[in-house]
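Thanks for making the time this morning. I would like to take you through one structure, and I will give each term its cut-offs as we reach it.

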Amino acid sequence: MSSTTLPATARVPAVRDDALLRATRRRLLISRIIAHGALILGVLIVAFPIWMTLVGSTHDAATIGRGDVPLLPGLHATENYATAWNEGGGRTRTTPASIMLWNSLLMAVLIAVGKIAISILSAYAVVFFSFPGRMAAFWAIFITLMLPVEVRIIPTFQVIVDLNLGNTWAGLVIPLIASATATLLFRQFFLTIPDEFVEAAKIDGAGPLRFLKDVVLPLSLTNIAALFVILFIYGWNQYLWPLLIINDRSMETIVVGLSKMIGSGDSQNEWNTIMATAVLALLPPVLVVALMQRWFVRGLTETEK
Amino acid sequence: MQKKVIFKGRLLPLALLAPQLAVTFVFFFWPAGQAIYQSLLREDAFGFSREFVGLENFQEVLSDPSWVNAALNSLVFSGCVAGLALGLALFLAVQADKSLRGATVYRSLLIWPYAVAPAVAAVLWLFLFQPNVGLLGRGLNAIGIAWDYRLNGNQAMILVIIAAAWKQLAYNFIFFLAGLQSIPASVLEAAAIDGARPARRFWTIIFPLLSPTTFFLLVVNLTYAFFETFGIIHALTSGGPAKATETLIYKVYVDGVQNLNLGSSSAQSVILMILVIGLTAIQFRAVEKKVHY
């Protein structure tokens with residue numbers, strides 16, 4: 001349709017059109033500026049506690065103890081981090097951060113890998129086989145969604161004591177690796193693998209384990225990566241369970257160790273080394289999220305479906 | 001639901017399921033059963049004698065003023081955390097949604113607090129609000145507000161709410177932004193052509209279309225505030241001062257681990273389990289709604 005066929009009422013005088021356009025543009029621009037202003041303010045507020053922690057980790061204990069924390073970093077970063085790393089932070093000098101970081105890393109990786117491994121296996125069994133008790137097994141796993149560790153702390157702790165697993169890596173990790181969410185996610189994904197793939201594998205004489213190893217696992221790699229990011233953070237940030245299970249200082253994780261340094265929030269503490277420990281404690285999971293952001297967002301939105 | 005083409009065999013699938021089922025039974029069903037069993041018993045602190053008391057533990061828990069106090073604290077705490085984290089995240093997501101290119105940049109800048117452990121978040125905020133050392137704590141005292149969260153229960157509550165909401169903001173932002181970006185632009189353009197102003201467009205179009213996301217996030221936030229904030233409260237206030245920040249989860253910990261009152265602690269655990277089951281059921285209905293709308 002050419003413009004000449006438009007009815008006369010649809011045509012607006014050119015001058016008014018221009019003014020309207022300019023007004024709209026201006027409104028749009030103002031709304032954009034407000035939007036960016038609000039977002040920048042939001043980012044600054046969100047980042048402020050981290051900034052102050054970074055600043056706190058670069059001054060000496062006396063400056064902070066006097067209540068004179070400046071807004072800009074100081075010159076004592078190296079010695080603070082060295083103290084936290086080699087001797088431990090806070091006045092009580094608990095466990096060196098180097099050991100606690102290693103413990104946290106081990107715990108996080110074991111939990112993430114363990115959860116992914118047992119979830120893949122059980123989801124594979126539920127999707128690609130038919131056997132008596134299949135649905136019962138599925139529901140047994142599904143129901144664990146409703147039993148977070150926080151609500152069954154004391155009886156679970158008793159099981160650990162009965163099994164003699166207190167203060168061991170097995171006791172710390174194994175109770176946390178059962179995961180309904182990961183199993184559901186893999187089940188959902190396996191259901192989308194076309195039947196033709198299974199048929200082709202069968203014709204070629206591949207058994208179920210071969211099919212798992214050569215077809216299903218390679219296809220699941222993106223899901224595994226996304227889930228690993230989420231589960232690594234979940235594992236790293238565990239608090240209540242290690243607090244109960246571990247009382248051996250050489251097995252202390254950094255999140256629990258950090259909160260022990262705080263005590264009751266006394267002013268006369270070595271805040272500089274505590275803040276250095278805090279930075280070390282939050283750096284690994286934050287780096288994982290920052291560097292693997294695509295997987296992270298994907299894992300987050302998919303595990304909640 | 002199952003596939004049409006499947007493998008044969010009975011032992012192999014059971015072997016594949018074995019690790020998951022073993023962990024589930026030993027560390028989920030057995031302890032949960034124990035909790036229910038113990039909630040019906042009374043045991044003295046040294047474990048010498050135990051007797052069956054029926055629902056007496058539940059009666060005692062529900063009529064215990066300190067449990068009611070913890071329940072009220074939990075309600076205030078989770079209501080404020082959810083309200084604050086959802087409101088701010090929605091506001092920021094709406095702003096970020098206005099510019100297509102900026103949205104992902106702001107997302108990157110806002111999402112990382114999700115990775116910070118609750119207990120570490122507590123330490124960060126403690127360093128800001130410590131009355132003698134913290135920048136903001138001293139600032140408040142300097143302008144004449146007697147700020148000491150270690151003495152004033154309301155201030156302690158405010159501090160744990162801020163720390164908990166700060167951590168949850170990122171999560172809500174991601175979901176709100178995704179929800180906003182899935183609203184078809186044509187609907188909004190049509191409304192704009194009809195002369196609807198931005199505020200009106202938000203309340204009559206965006207907000208209703210976003211309501212499945214909002215409802216889903218509300219349940220997730222409440223669950224988070226109820227169950228995952230133990231670290232924040234433990235590190236910041238230890239439930240104090242005078243139990244002002246003692247939530248239901250924290251009370252289970254105190255009664256079970258510190259006071260060794262197993263009957264009462266188990267009864268509290270069972271009540272919490274019922275609560276989680278309720279929340280999870282609501283969450284699944286919300287997810288279904290989200291898929292179908």
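What follows is a walk from the contact between the chains to two helix pairs and two loop residues.

A word on conventions: this is a predicted model, in which local features need pLDDT of at least 70 and side-chain atom pairs count only at pLDDT 80 or more, while totals for chains, interfaces and linings use all residues. Residues are numbered from 1 along each chain as its sequence is written, and chains are lettered from A and ligands numbered from 1 in the order in which they are written.

Let me begin with the interface. Taking two residues to be in contact if their C-beta atoms, placed from the backbone, lie within 7 Å, the contact draws 84 residues from chain B and 83 residues from chain A. On the side of chain B that touches chain A, the largest share, 18 residues, is supplied by helix H1 (residues 11-39) of chain B, where helices are DSSP runs of H or I, at least four residues in length and numbered from the N terminus. By class, that side of chain B has 60 nonpolar, 18 polar and six charged residues; here Ala, Val, Leu, Ile, Met, Phe, Trp, Tyr, Cys and Pro count as nonpolar, Asp, Glu, Lys and Arg as charged, and the others, Gly among them, as polar.

Now to helix H4 (residues 97-128) of chain A. The expected span is 1.5 Å times one less than the number of residues, so the 32 residues of this helix should span 46 Å, and its end C-alpha atoms are indeed 46 Å apart. Of those 32 residues, 23 are buried, meaning that 20 or more other C-beta atoms lie within 10 Å of the residue's own, with 12 or fewer counting as exposed, anything in between as partly exposed, and C-beta atoms placed from the backbone.

How does H4(A) cross helix H8 (residues 180-191) of chain A? The two axes come within 8 Å and cross at roughly 45°, which makes H4(A) oblique to H8(A). Axes are lines fitted to C-alpha atoms, for helices over the stretch in contact, and angles run from 0 to 180 degrees between N-to-C directions; under 35 degrees counts as roughly parallel, over 145 as roughly antiparallel, 65 to 115 as roughly perpendicular and the rest as oblique. By class, the contact of H4(A) with H8(A) has ten nonpolar, three polar and two charged residues.

One of the H8(A) residues in that contact is A:Phe190, which counts as buried because it has 20 C-beta neighbours inside 10 Å. Leaving aside residues up to four places away in sequence, A:Phe190 touches A:Ala123, A:Tyr124, A:Val127 and A:Val216.

The second pair is helix H11 (residues 221-236) and helix H14 (residues 271-291) of chain A, whose axes come within 10 Å and cross at roughly 165°, which makes H11(A) roughly antiparallel to H14(A). Their contact residues divide into eight nonpolar, no polar and no charged, with A:Trp236 in H11(A) and A:Pro284 in H14(A) among them.

Finally, the backbone. Most residues other than glycine have a negative phi. A:Asn164, however, has a positive phi near 65°, lies in the loop between helix H6 (153-162) and helix H7 (169-173) of chain A, and counts as exposed because it has 10 C-beta neighbours inside 10 Å. B:Lys243 also has a positive phi, of about 60°, and sits in the loop between helix H10 (230-236) and helix H11 (248-258) of chain B; with 16 C-beta neighbours inside 10 Å, B:Lys243 counts as partly exposed.

Key. Helix = DSSP H or I, 4+ residues; strand = E, 2+ residues; numbered from the N terminus.
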